[in-house]
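Here are some exercises to work through with the model open beside you. Try each task before you read its solution.

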Amino acid sequence: VVGAGPPPAAGSDAELVAAGQPEALLRVSLQGLPAGTAAALRGAGISHVAVQEDARLPAHLVVRAEPGGGWAVTGPDGALRHRVNDPGPAAAGELVALFRREQAALTLASLENPGHPFPLDFGFAGGGTTFRLGQTVELRARAGRAGYLTLVDIDPAGKVTVLFPNRFDGANRVEAGEEVVIPTPAMNFAFRVQEPEGRGVVRAFLTERPLPLDFATGDGGEAAEAVARALRQAAGPPPVPGSTAVPVGSWATAYVVYEFVR
């Protein structure tokens with residue numbers, strides 16, 4: 001971000017003080033789907049989802065009809081993300097729900113800080129990322145600076161939950177170098193893997209000021225966007241008035257992708 005005043009001298013050092021957050025627009029490519037289904041998806045008006053039928057355009061998800069019947073939903077790397085075995089009347093609604101989940105995950109995944117002002121070590125205790133139903137799991141975080149730790153989960157069904165702080169333990173102030181394990185002792189419960197199966201993501205934020213979030217949960221992109229708004233508020237005003245860039249010096253973030261299996 002460059003403010004008013006004379007331009008910097010050639011060869012002088014530059015410091016990143018703020019950066020724009022990219023728009024979390026999920027691009028979906030439809031290939032070989034029936035015309036009626038494609039029209040229904042285009043007309044669904046899903047927030048922050050662009051449905052396109054030109055296979056030459058880049059996409060986060062590709063939905064294509066399979067030769068043996070049904071539809072496959074793959075990522076840009078070709079990995080299978082979802083399969084619609086019965087492409088009947090309810091199939092379009094199934095895809096719409098999937099698109100909303102994927103867009104919410106993309107929103108959380110895009111909230112990066114390119115400034116990396118201090119380290120934030122975050123993941124599951126033990127280092128695993130694939131867990132079976134019924135298994136108990138713990139999350140751990142260690143920050144290089146004191147601040148307020150917030151953990152936000154989007155589960156395989158697209159439900160967004162603020163894991164920490166919560167109504168059982170709202171004391172989310174942590175010190176530099178302190179390791180925090182969640183659930184904390186004050187919560188007096190365990191995280192046990194439950195249905196649905198599939199992939200989810202947990203993102204950790206360490207901010208100088210608490211994120212203005214309540215402990216409610218929500219579905220899809222609206223809840224994920226609420227997290228993005230809260231981050232912008234906690235990060236403080238941009239250094240140049242009127243800019244939409246987010247200051248980078250006051251917060252750090254990390255995330256982990258997990259999978260629940262039977």
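Helices (H or I, at least four residues) and strands (E, at least two residues) are DSSP runs, numbered from the N terminus. The model is predicted, with local features needing pLDDT of at least 70 and side-chain atom pairs counting only at pLDDT 80 or more, while totals for chains, interfaces and linings use all residues. Residues are numbered from 1 along each chain as its sequence is written, and side-chain values use heavy atoms, leaving out hydrogens and water.

**Exercise 1. Find the cis peptide bonds before Pro-183 and Pro-196, and place both prolines.**

Step 1: Go to the bond from Ile-182 to Pro-183, which is cis with omega near 10°. Pro-183 sits in the loop between E14 and strand E15 (191-192).

Step 2: Move on to the bond from Glu-195 to Pro-196, which is also cis, with omega near 10°. Here the proline belongs to the loop between E15 and E16.

**Exercise 2. Work out the strand order and pairing of the open sheet that contains E7, E10 and E14.**

Step 1: Apply the pairing rule: two strands pair if DSSP finds at least two bridges between them. Strands of a sheet pair through backbone hydrogen bonds, either parallel or antiparallel.

Step 2: Read off the order, which is E7-E10-E14, with antiparallel pairing. Strand E7 (120-124) and strand E14 (179-182) each have a single partner strand, so one side of each lacks a neighbour in the sheet.

Step 3: Compare directions. Neighbouring strands are turned by 15° against each other on average, direction ignored; the axes are lines fitted to C-alpha atoms (for helices over the stretch in contact), and angles run from 0 to 180 degrees between N-to-C directions.

Step 4: Look at one pair in detail. Strand E10 (residues 139-143) joins E14 over four antiparallel bridges, and Ala-141 stands opposite Val-180 in E14.

**Exercise 3. Which residues of the largest nonpolar core touch the most other members?**

Step 1: Define the set: a nonpolar core consists of buried Ala, Val, Leu, Ile, Met, Phe, Trp, Tyr and Cys residues joined through side-chain atoms within 4.5 Å. Buried means under 20% relative accessible area, exposed over 50%, and partly exposed in between (1.4 Å probe, protein chains only).

Step 2: Among its 27 residues, Phe-122, Leu-149, Leu-151, Ile-182 and Val-202 touch the most other members.

Step 3: Trace the contributors. Elements giving two or more residues include E7, E10, E14 and strand E19 (251-261), and E19 gives the most, with five.

Step 4: Check Phe-122, whose contacts (heavy atoms within 4.5 Å) beyond four places in sequence include Leu-139, Ala-141, Leu-151, Val-202 and Tyr-255.

**Exercise 4. Is Ser-29 buried or exposed?**

Step 1: Locate Ser-29 in strand E2 (residues 26-31).

Step 2: Take its relative accessible area, 1%, so Ser-29 is buried.

Step 3: List its contacts beyond four places in sequence, among them Gln-52, Asp-54, Leu-61 and Val-63.

**Exercise 5. Where do His-48 and His-116 lie, and what is the phi of each?**

Step 1: His-48 is in the loop between helix H1 (35-42) and strand E3 (49-52). Its phi is near 60°, positive although the residue is not glycine, and at 34% relative accessibility His-48 is partly exposed.

Step 2: His-116 is in the loop between helix H2 (91-109) and E7. Phi is near 45° for His-116, again positive in a non-glycine residue, and with a relative accessible area of 62% His-116 is exposed.
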